[in-house]
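Grab a pencil and work through these exercises with the model open beside you. Try each task before you read its solution.

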Amino acid sequence: MDDTPLRTPAALPALRAAARDAGFTMSCDARTGSLLSVLAAARPVGRILELGTGVGEGTAWLLDGMDPDARLVTVELDESVQAVARGELGGDPRVTFVGADGGTWLEEYFSAADEGDAEPFDLVFADTWPGKFTHLERALDLVAPGGTYLIDDLDPQPGWPEGHEASVARLLTELEAREDFRTVRLAWASGLLMAVRTVSRR
Ligand SMILES: C[S@@+](CC[C@H](N)C(=O)[O-])C[C@H]1O[C@@H](n2cnc3c(N)ncnc32)[C@H](O)[C@@H]1O
């Protein structure tokens, strides 16, 4: 079966060209993007969080699947790469771009949630260090019951820093040991894991 996505976001060619020009090579691949669209489409009026905007390819796939009433927050440390996403996608009122360190943002959002000012998310695409290799608990705390936490780039890649393979193995073990999430590994695209927060039964 050929699993090349047939339907792609309109902004994708421009984002890919900008990524090439900027030498940015960390965008999600098209199959992961198509899964993001499907997961977003499964959440009408959904609240979606992306950690690590990059130039906005994942953002574009998420927006492509979202309904008109869904909302997306995407957080990025590097303002120069996020500027590409803002330029191409910033006209869409469903997306809020945040220029911040993801760890700081997670800590601050968590505090606000404690005070009742912040709501959980139905889908979290954790695509950078914070929310995945650091601040994992904080990111998982923001997943609503029945909500999905998705990570990619789990298959070994050339150029991984020393020790990263062991970090990935620890992350998978930690996620799969949790009682409050059901998980599935997807040996596909760059290697994904999807975790869904279970709804406690009476
Ligand atoms: C894998 S790329 C994101 C790709 C994007 N989600 C996509 O699907 O196309 C990871 C991004 O995380 C950003 N980043 C690195 N450290 C970060 C941090 N502490 N907080 C927020 N973003 C960070 C990088 O600048 C990079 O753009």
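Below are six exercises on this predicted model, each with a worked solution.

**Exercise 1. Get the overall picture**

Task: find how many helices and strands the protein has, and in what order the elements run.

Solution.
- Step 1: count. You should end up with seven helices and seven strands.
- Step 2: walk along the chain from the N terminus. The elements come in the order α-α-β-α-β-α-β-α-β-α-β-α-β-β.
- Step 3: check how compact the fold is. The radius of gyration is 16 Å, close to the 17 Å that the globule rule gives for 202 residues, so the protein is as compact as a globular protein of that length.
- Step 4: box it in. Along the principal axes, the C-alpha atoms fill roughly 50 × 40 × 35 Å.
- Step 5: look at burial and contacts. Of the 202 residues, 39% count as buried. Take the contacts with a separation of 6 or more: 69% of them are between residues 24 or more positions apart.

**Exercise 2. Follow the parallel strands β1, β2 and β3**

Task: work out which way β1 and β2 pair, parallel or antiparallel, and then carry on to β3.

Solution.
- Step 1: start with β1, residues 47–51. This strand pairs with β2 in the parallel sense, over five bridges. To see one of the pairs, pick Leu51: its bridge partner in β2 is Val75.
- Step 2: trace the link. The chain goes from β1 through α3 to β2, a β-α-β crossover that is right-handed.
- Step 3: move on to β3, residues 95–99. Five bridges join this strand to β2, and the two run parallel. Leu72 sits opposite Val95 of β3, while Thr74 has Phe97 as its bridge partner there.
- Step 4: trace this link too. From β2 the chain passes through helix α4, residues 79–89, to reach β3, and this β-α-β crossover is right-handed.

**Exercise 3. Look into helix α3**

Task: decide whether α3 is enclosed by the rest of the structure or open, and then zoom in on Leu62.

Solution.
- Step 1: list the buried residues of α3. They are Glu57, Gly58, Thr59, Ala60, Trp61, Leu62, Leu63 and Gly65.
- Step 2: draw the conclusion. Eight of the nine residues of α3 are buried, so the helix is largely enclosed by the rest of the structure.
- Step 3: pick out Leu62, which is found in this helix. Leu62 has 30 C-beta neighbours inside 10 Å; the cut-off for buried is 20 or more, so Leu62 counts as buried.
- Step 4: find its contacts, skipping neighbours within four places in sequence. Leu62 touches Leu36, Ser37, Ala40, Ile48, Glu50 and Leu72.
- Step 5: compare sequence with space. Gly33 is 29 residues away from Leu62 in sequence, but their C-alpha atoms are 7.5 Å apart.

**Exercise 4. Map the ligand's surroundings**

Task: which residues come nearest to the ligand, and which elements give two or more residues to the shell around it?

Solution.
- Step 1: collect the shell. There are 20 residues around the ligand, and Cys28, Gly52, Gly54, Gly58 and Gly102 come nearest.
- Step 2: sort by element. Those that give two or more residues are α3 (57–65), β2 (71–76) and α5 (102–114).
- Step 3: sort by class. The shell has seven nonpolar, seven polar and six charged residues.

**Exercise 5. Move to β4, β5 and β7**

Task: find which sense of pairing β5 has with β4 and with β7, parallel or antiparallel.

Solution.
- Step 1: take β4 (residues 121–126) and β5 (residues 143–151). Four bridges join them, and they run parallel. Phe125 has Leu150 of β5 as its bridge partner.
- Step 2: follow the chain between them. It passes through helix α6, residues 136–141, in a right-handed β-α-β crossover.
- Step 3: turn to β7. Four bridges join β5 to β7, and here the strands run antiparallel. Leu150 turns up again, with Met194 in β7 as its bridge partner.

**Exercise 6. Check two positive phi angles**

Task: where are Val45 and Ala189, and are they buried or exposed?

Solution.
- Step 1: recall the background. Most residues other than glycine have a negative phi.
- Step 2: take Val45. Its phi is positive, about 60°, although it is not a glycine. Val45 lies in the loop between α2 (30–41) and β1, and it is exposed, with 11 other C-beta atoms within 10 Å.
- Step 3: take Ala189. Its phi is also positive, near 50°. Ala189 lies in the loop between β6 (181–186) and β7 (192–197). With 19 C-beta neighbours inside 10 Å, Ala189 counts as partly exposed.

Note on methods: Residues are numbered from 1 along each chain as its sequence is written. This is a predicted model: local features need pLDDT of at least 70, side-chain atom pairs count only at pLDDT 80 or more; totals for chains, interfaces and linings use all residues. A residue is near a molecule or strand if its C-beta atom, placed from the backbone, lies within 6 Å of it. Ala, Val, Leu, Ile, Met, Phe, Trp, Tyr, Cys and Pro count as nonpolar, Asp, Glu, Lys and Arg as charged, and the others, Gly among them, as polar. A residue is buried if 20 or more other C-beta atoms lie within 10 Å of its own, exposed if 12 or fewer, and partly exposed in between; C-beta atoms are placed from the backbone. Two residues are in contact if their C-beta atoms, placed from the backbone, lie within 7 Å. Two strands pair if DSSP finds at least two bridges between them. A crossover is right-handed if, with the strands pointing away from the viewer, the path from the first strand over the helix to the second runs clockwise. The radius of gyration is taken over C-alpha atoms; the globule rule is 2.2 Å times the number of residues to the power 0.38.
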